[in-house]
Amino acid sequence: MNQQLFNHLYDLLKKTTVPDTATLKDATAQLQQVLVNPECIPVLFELSVVSPESTIRQLAAVELRKQVNSDEKSPWLKVPVEHRAAIKKRLLEHLLTEQESIVRHSFARVISAIASVELPQGQWPELLPFVQTICVVMEGCSEFIRPHMNQVWPFVDNGLKDPDASVRKAACTAVGCITEWLDEECIERHAILIPGLLQLTADPITQASACTALDGLLELLGDIIDSYLPLLMTTFAQLLNTAPNKVRAVVIGAIGSTAHASKEKFLPYFKETIVQLAPFLKLEGEGEEEELRGIAMDACGTFAEAVPKEEFLPFYEDLMANAYQSVQSQSARLRECSFLFFGVMAGMFPEKFIPYLPNVIPAFLQSLKLDELGDNATFIETKGQGDSSDTPIQIIESKIDEIEDMDAEALLKVNSAIAIEKEIAADVIGGIFANTREHFLPYLEDTALVLQGLISHYYEGIRKSAIQSIFTFIVTLNELSNPDPWVAGAQNVVPLNDNVAKLISHTMPEILEAFDMEDDKSVAAAICQALADATTKVGPALIKDSFDAICAMCLKILSGKSMAQVDPDQGEEEESAEELAEMDSFLIGACEDLVSSLASVLGRDFVTPFANFLPLISQYYGPKRAAGDRSSAIGSFGEIITGMKGGITVYTAAIRQVLMQAVQDTEAEVRSNAAFALGVLVENSDIAWTKEDFEGFLFRLRPYFQVGEGGSKADFNARDNAAGAVSRMILTNASLVPLESVLPVLFGALPLQHDPLENRPLFRAIFALFTLNPNYILTYIDTLLPVFTRVLDPNAPDEIGDENRAGLIALLGQINALLPGKLQSSPLAPFLS
C-alpha cells in the first residue's frame, strides 16, 4: 500500500469534517484530483477499516463506493485480482464486526457496488461470507441489487444444498432477508425455494433457520400457496409434536403466514391446528415458554382473519379470556401480543368486542403510561382542559428529575420490551376506536391526551404509532359527526364539528413541530402517510390552518433537507442520485403521496403552491434514479393531475416533457404510471390538442399492447393503463384518434383485469363512440359482449361504478334494437328491459 497516499487521503478526509467552508471546498477539490488514481481504491479501503475515527471510516467507505461505481469501466477492475480478493474478504469480515451502524451501512453499499460489477462476470466466489452478508447488503441497497438477482440466486441455491451446515443456515437467513426487501423476486422462485427449505426442516441443525425463511416467504405467496398446503401443514404438524420450544415458536409463525396467504383455503386445517396450539396458550413459564405462548396468540389472530367468521366464533370467548389474562400478566411480551389480538378481534367482531371495552381500554392506558426504565416506574399525567390559554393542556411525566439525572447511555438502554409493548398499544388503539365507533367515545379524551404526550417520545416506534393513531382518531371522530361531503378548494371550506376541530387544533401543531426535530426516516414517512390519508378523508378543513407548515415540511423532504435526511457526517457536497434514492426513497414517496392529497382537496387552488413542487418531484425521474423512485414520481404526477383537474393546464407542457420520457422507460411499473398520468393529463388540460400530439402519444403507447403470455404482472398492468389512456384521448377528442387502427388494438386488450379501475374511462369512451357512430361498437360486438357480461356479473366486484353500469344497461337496449335477437339468448338478456 502507498503509505504517502494513505496519509494524504487521511488528511483530506479529515479536512472535509472541519466546519469551515473554505477548508471544505479546498479539501473537496483536492480529493477530486487525487481520486482519479486507481491506487486510491486499496488506500480508501484501508482508511475505511483502520481509521480510529468512525467519521473517517464512513467517509472513506463512501468515496470507495463512488470509485467502484464511477462509470461503466469501473476503476475497481483495474485493481490487481489478488488485491481485490483480499479487499473483498476483509470487507466482508469488517461488515460483520464494525460497531458503528453508519459505517456498516456504508460497507454494505460498497459490497453492493462491487457485486454490481463482479456478479455479472461470475466472480466473488467466497460462498459462505457472501451469503452471510446478503442480509446486510439488502437493507438500503435492495433497489440496486435487484437487477443483479439472477447472479445472486445461484449462490443462495447452492448454499441451501451445501454440505456445510453453517452455509445452509446462512442461505436460509439470506432467503429471509430477500423476502423482506425483494418480495416479487422471491415469489417467482417459489418452486425452488419452498422444496429446498422444507427439506431443511427435517435437519435439527437447520430447522429453525429454514422455518424462519419459510415464515417470510409463505406470507407473500397468495394463491400460489394452494398446491403446497398439504405438504406444509403435514410438515408443520410433525414439527409441533417433535421440535424443541424454540423451533416450535418459529413453526407457529410459519403456520400463521400460511393461513395469511391461503385465506379461506386454510379452513380444512383450522380446527385441528387451533386444538394443537391450545396447550401453548396455557404455558406459564418465562423465556421460551413465554415467547411460544405469545406467538400462538398471534397465530390465532391470523386464523380469525383467514377463515370464515362463523368457523372462528366457537373459539372466540375462550381466546378472549386467554388474551385478557395475558394482558394482566407481568410479561411485556404477552401484553403486547394481547393488544395485537384485541386489535384483530375488534376489527373482525366489533359488536362482540364492544362489551370488553370497559376492561380492555384501562389495560391499554396503563401500558401507554408505563415508563420504560423498568422498576423505577413513572407515569404520564395530563393537566389542563385546553379550553383557553389559561388552562392549556400539559403533559407531565412524573419523576422527571430522576430521568434527567441519568446519563445518556443509561437512558438509551431502556427496557426495550416495554417500549415495544407501548408501541403496539399506541398503534392498535387507533384501530379499536375506528372499529367500535361511538362505543369508544367515553375513553376518547383520556386516550387522546396520553397519545399526545407520546408525540415526542424518544423511542421512534412509539412516536410513530402515537401519531398514526391520532390521525385515525381525527378521521373516525369526523366520520361519527356525520359531516357534509367536503368540496375541493381553499375557499368556502366545509366547517368541522367542534370536537373534531378541537382535536385537530390540539394535536396538529405539535405533530408538525415534532417533524422539524424528527431524525428518523420511518417516523417522518409515517407522518406524511397518515396526514395524506386523513387529508383525503377529512378534506381541506384538516389542513386549513396548517397548510403553509405542511408545504414547508414537504419542500424540505423533497429537497433532501429535512432533519431525518441530513447526515451530520456527510459533507455539504450534493449527494449523487443513487445515494439519495437509496437513503430516502421511502420518505420521498410518502411525501409525494402527501402532495398528491393536497392537490386532491384543494383542486385548482393548488395551482400556485404546485409551482414549488413540480421541479422537486421531476428531479426524481431520471436515468440514474432507482426504478422505485422513478415510478413514485410519475405516479404522483398522475394523482396530482387528477386532483387539480383543469388547474394543471399551466404546467401541462412541463409535465408532458417528463411523461414523454417516462412512457418509454425500461421498467414496466414506471411505464404503467406514465400511461395513466398521460391519459389524465390529456383529459384534464384545457388546451387544444392537435392530431400530431395524439399521434405522438399513440406511437409511444402502441408497444404497451404487445404483451405475450409470459409477460409480467407489471406489463399487463401497464397495458390496462395504456387502454385507459387511449380511452381518455377518445373522450377528449375522438376526431384526433385514427379509430380504424386504434379500436382493434384497444378492444383486443379486453377485459382489463390487472387495473380494473381503468374500465371506467373505457366504458365512458364506448358510450361516446356509440353516440358518435354505433358502428364503432357494433363492428366489435362479438369481442365486447363477453366484456359486458363480465362487468355486469352481480357476483363479481364492481369495476365500472353505478353511473357506468346504468349507462351500459341503457346501451344494451340500444344494441338490442339495432341487432334484434343478438342478446336474447346471451347472459345479458336479463338486463334488457
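This tour moves through a set of salt bridges and then into an enclosed cavity, naming at each stop what to select.

The model is predicted, and its side chains form 32 salt bridges, of which a few are visited here.

**First stop: helices α16 and α18.** Select K271 and E311, whose side chains meet in a salt bridge with an N to O distance of 3.8 Å. K271 sits in helix α16, which covers residues 267-277, while E311 belongs to helix α18, residues 309-312, so that the contact links distant parts of the chain, 40 residues apart. If you colour by accessibility, E311 should appear as partly exposed, with a relative accessible area of 23%, and K271 is likewise partly exposed, at 46%.

**Second stop: helices α28 and α31.** Next, select D516 and K556, which form a salt bridge whose closest N and O atoms are 3.6 Å apart. D516 lies in helix α28 (residues 498-516) and K556 in helix α31 (residues 547-558), again a link between distant parts of the chain that are 40 residues apart. Both partners are partly exposed, D516 with a relative accessible area of 39% and K556 with one of 35%.

**Third stop: helices α36 and α38.** Move on to E683 and R728, where the N to O distance of the salt bridge is 3.1 Å. Because E683 is in helix α36 (residues 668-684) and R728 in helix α38 (residues 713-733), the pair ties together parts of the chain that are 45 residues apart in sequence. Which of the two classes, buried or partly exposed, applies to each partner? E683, at 28% relative accessibility, counts as partly exposed, whereas R728 is buried, with a relative accessible area of 7%.

**Fourth stop: a network.** Select E291, D298, R333 and E336 together, since here the salt bridges join four residues into a network.

**Last stop: the cavity.** Finally, turn to the interior space, where the count comes to 1 cavity of 30 Å³ or more, with a volume of about 80 Å³. To display its lining, select I111, A115, L119, F130, T133, I134, V137, M138, I145 and V152. Helices α6 (101-118) and α7 (127-138) each supply at least two of these residues, and the largest share, 5 residues, comes from α7. What is the make-up of this lining by class? The lining has 9 nonpolar residues and 1 polar residue, with no charged residues.

Conventions. Residues are numbered from 1 along each chain as its sequence is written. This is a predicted model: local features need pLDDT of at least 70, side-chain atom pairs count only at pLDDT 80 or more; totals for chains, interfaces and linings use all residues. Side-chain values use heavy atoms; hydrogens and water are left out. Helices (H or I, at least four residues) and strands (E, at least two) are DSSP runs, numbered from the N terminus. Buried means under 20% relative accessible area, exposed over 50%, partly exposed in between (1.4 Å probe, protein chains only). On a 1 Å grid over the protein atoms alone, a cavity is a set of points where a 1.4 Å probe fits but cannot get out, and a pocket is an open set with protein on both sides within 12 Å along at least five of seven lines; lining residues have an atom within 4 Å of a point. Grid points are joined across faces, edges and corners, and a volume is the space filled by probe spheres set on the points. Ala, Val, Leu, Ile, Met, Phe, Trp, Tyr, Cys and Pro count as nonpolar, Asp, Glu, Lys and Arg as charged, and the others, Gly among them, as polar.
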